[in-house]
Amino acid sequence: MLIGRANGASALATEGAVMAGSGSHAVVLGAGMAGLLTARVLSEFYESVTVVERDVLPVNPSQRKGVPQGRHLHNFLSRGTQLIGELFPGILDEFAAAGAVVDDAGDLSRIYVRVAGYELAPAGRLADPAPLAAYQASRPFMEFHLRRRVAALPGVTILGNHEVIEPVISGDAVTGVRIINHTKGIADAVYGDLVVDATGRAARTRAYLDSHGFGPPTEDRVPPQCGYSSQLLYIAPGRIAERMAFVSQGNMAPGALLVAYEHDTWMLAVASPIECGTPPGSFTELIDAAGQILPAAMTAALRDASPIGGLAISRNTAAGWRRYDRAPRLPSGYLVLGDALCNLNPLHGQGMTMAALQAHALRECLRAGNTNLARRFYCAAAEHITPVWTMNEAADRRPSPNTPRTLRHRARARMQREALTAATHDIAVAERFLRVRGLIDPPARLQDRALLVRILLTNFRQQVATRLWSANFRCHRLRRATAECSGSGSGPGRAWPRAGSSARTMPT
């Protein structure tokens with residue numbers, strides 16, 4: 001079925017449809033998340049799409065050699081969940097039916113979040129819960145289900161156990177790739193109108209382009225700040241009420257993340273900043289470290305948990321952005337997407353969602369045609385990457401003892417404390433944090449004037465309530481002491497509530 005656009009009118013392409021005016025063949029390098037999402041998008045614009053993958057692809061959800069990070073915690077953020085739901089209609093229901101953990105309750109009762117000592121646990125209902133619905137499952141689980149859907153698309157072929165050697169370059173254009181079929185032990189070439197490199201951090205595109213006279217792009221880098229250890233666990237049903245726990249004690253202290261996965265499995269990750277030494281090196285060390293960070297009830301469940309497989313340790317938390325958007329000269333017919341374009345600090349958990357955003361950007365660019373595609377795509381991708389990169393840089397920045405704290409720095413720190421304080425009491429403030437964290441809203445939304453006013457009013461009301469509570473409590477104690485001195489006892493009526501007994505409504 002062909003669905004095109006006439007006179008500039010917008011066109012909707014359904015899964016499996018091809019838009020008029022598309023090329024005949026596209027090639028995607030890599031069948032990871034970025035490659036699968038790219039193949040899905042290209043299937044709308046090209047009559048055939050070939051995905052070339054080095055690994056022998058498993059026939060069930062299982063780890064594979066080419067994705068060593070698959071043994072660590074992965075999840076789509078809220079915006080990523082939205083995008084895969086749009087690209088693959090019905091796949092979220094498939095996730096749920098296959099065992100993924102789903103949270104669409106519309107409140108925060110199933111998450112535990114503590115940031116810099118502030119517990120975000122306000123009562124009430126989310127104003128717009130649908131975008132924040134969570135579908136939690138392991139990386140192999142999600143990749144398997146996406147790969148199955150992509151493989152079923154008309155015109156899409158996935159070649160497993162095929163290794164990419166180098167692009168085929170003719171003049172200023174990439175016209176295909178040379179590959180080796182490891183099953184048959186023969187070399188071959190695959191030609192296409194567009195080649196997309198989605199091979200991840202190990203991508204060799206920069207070297208290829210440099211060797212053919214294009215020159216490598218500049219690269220923005222953030223050095224590694226932490227190491228982290230991850231362990232897949234089995235925890236008996238009912239031991240932990242929440243479906244996710246996240247604790248950040250600042251970028252100079254260890255943090256922890258515990259996420260429920262399919263079939264009563266959980267992934268536990270503990271991060272250790274360089275200043276705090278190496279990450280946990282054994283299962284016992286991991287559980288002990290988590291016990292110092294997570295609530296006691298969760299720690300008790302973790303001590304009874306059964307490990308699945310071995311401990312995974314990574315110290316590769318550097319971030320790098322290859323600035324193809326600034327390259328003076330680019331080959332036509334060739335794009336770089338996903339971690340091959342920009343790999344973020346994995347501790348922020350944004351990689352798969354950023355790949356989905358870039359695939360979405362590619363879709364919009366292709367809808368406008370193939371002219372100057374590479375330049376337009378890299379500029380569109382940069383619009384998604386820049387605010388996240390900036391936000392991560394600020395979060396990962398280490399305080400320097402030699403740098404004087406300006407009035408601006410002190411004001412920003414004060415406002416952050418005010419915002420976190422308000423988020424512990426006001427679900428509207430907490431919801432805004434979650435929307436920005438899930439990449440539904442840009443970070444600039446945290447600077448909205450209406451939100452800042454709400455934060456200040458929430459905290460003012462809480463301060464007034466606390467002072468009234470304290471004053472009434474002192475008066476109660478004084479009356480009781482006076483009554484006891486006169487011999488009349490404490491008198492009838494209920495006892496005054498113990499201080500701190502309303503932890504969700506009173507400041508700690």
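This is a short talk on what holds together the protein shown above.

Okay, hi everyone. One thing up front: this is a predicted model, so please keep that in mind throughout.

Let's start with the overall picture. The protein has 508 residues, and 47% of them are buried. Its secondary structure comes to 12 helices and 20 strands. If you take the contacts between residues at least 6 apart in sequence, 71% of them join residues at least 24 apart. As for the outside, the accessible surface is about 24200 Å², and carbon and sulfur atoms account for 55% of that.

Now the inside. Which residues touch the most other members of the largest nonpolar core? They are L42, F95, L341 and F377, in a core of 83 residues. Take F95 as an example: leaving out neighbours within four places in sequence, F95 contacts I84, A100, Y135, F141, M142, H145 and L146. There is also a second, separate core of 23 residues, with A260, V270, L294 and A301 among them.

Next, charges. The count of salt bridges comes to 27, and I'll show you three of those.

First up are R64 and E143, whose side chains meet at 2.6 Å, N to O. R64 is in the loop between β2 and α2, while E143 is in helix α4, so to speak a link across 79 residues. Are these two buried or exposed? R64 has a relative accessible area of 10% and E143 has 5%, and under 20% means buried, so both of them are buried. They also have company: salt bridges with shared partners join E53, D55, R64, R139, E143 and R147 into one network.

The next pair is D128 and R435, at 3.5 Å, N to O. These two are 307 residues apart, with D128 in the loop between β5 and β6 and R435 in helix α11. Here the partners sit differently: D128 is partly exposed at 34%, whereas R435 is buried at 16%.

Then there's R323 with D220, at 2.7 Å, N to O. R323 belongs to the loop between β18 and β19, D220 to strand β12, and 103 residues separate them. R323 is buried at 5% relative accessibility, but D220 is partly exposed at 23%.

Hang on to R323, since it leads us to the rings. What does its charged end sit over? The ring of W321, 3.5 Å from the centre. Elsewhere, R329 lies over the face of F214, 4.3 Å from the ring centre.

On to rings meeting rings. The structure holds 4 aromatic pairs. We describe a pair by the distance of the centres and the angle of the planes. W321 turns up again here: W321 and W389 form a tilted pair, 5.9 Å centre to centre with 55° between the planes. W321 is in strand β18 and W389 in helix α9, 68 residues apart. Both count as buried, W321 at 3% and W389 at 7%.

Another pair is Y324 with Y378, and this one is stacked: 5.2 Å between centres, 20° between planes. Y324 sits in the loop between β18 and β19, Y378 in helix α9, 54 residues apart. Y324 is buried at 2%, and Y378 is buried at 4%. Add F377 and you have one aromatic cluster of Y324, F377 and Y378. Remember F377? It was one of the residues touching the most other members of the largest core.

That's my tour, thanks!

Note on methods. Residues numbered from 1 in each chain as written. Predicted model: local features only at pLDDT ≥ 70, side-chain atom pairs only at ≥ 80, totals over all residues. Heavy atoms only, no water. Core = buried A, V, L, I, M, F, W, Y, C linked by side-chain atoms within 4.5 Å. Buried < 20%, exposed > 50% of the residue type's maximum accessible area, 1.4 Å probe, protein only. Contact = heavy atoms within 4.5 Å. Salt bridge = Lys/Arg side-chain N within 4 Å of Asp/Glu carboxyl O. Helix = DSSP H or I, 4+ residues; strand = E, 2+ residues; numbered from the N terminus. Areas by Shrake-Rupley, 256 points an atom, 1.4 Å probe, with all protein chains shown as cover. Phe/Tyr/Trp six-rings, centres within 6.5 Å; stacked < 30°, edge-to-face > 60°. Lys NZ or Arg CZ within 6 Å of the ring centre and 35° of its normal.
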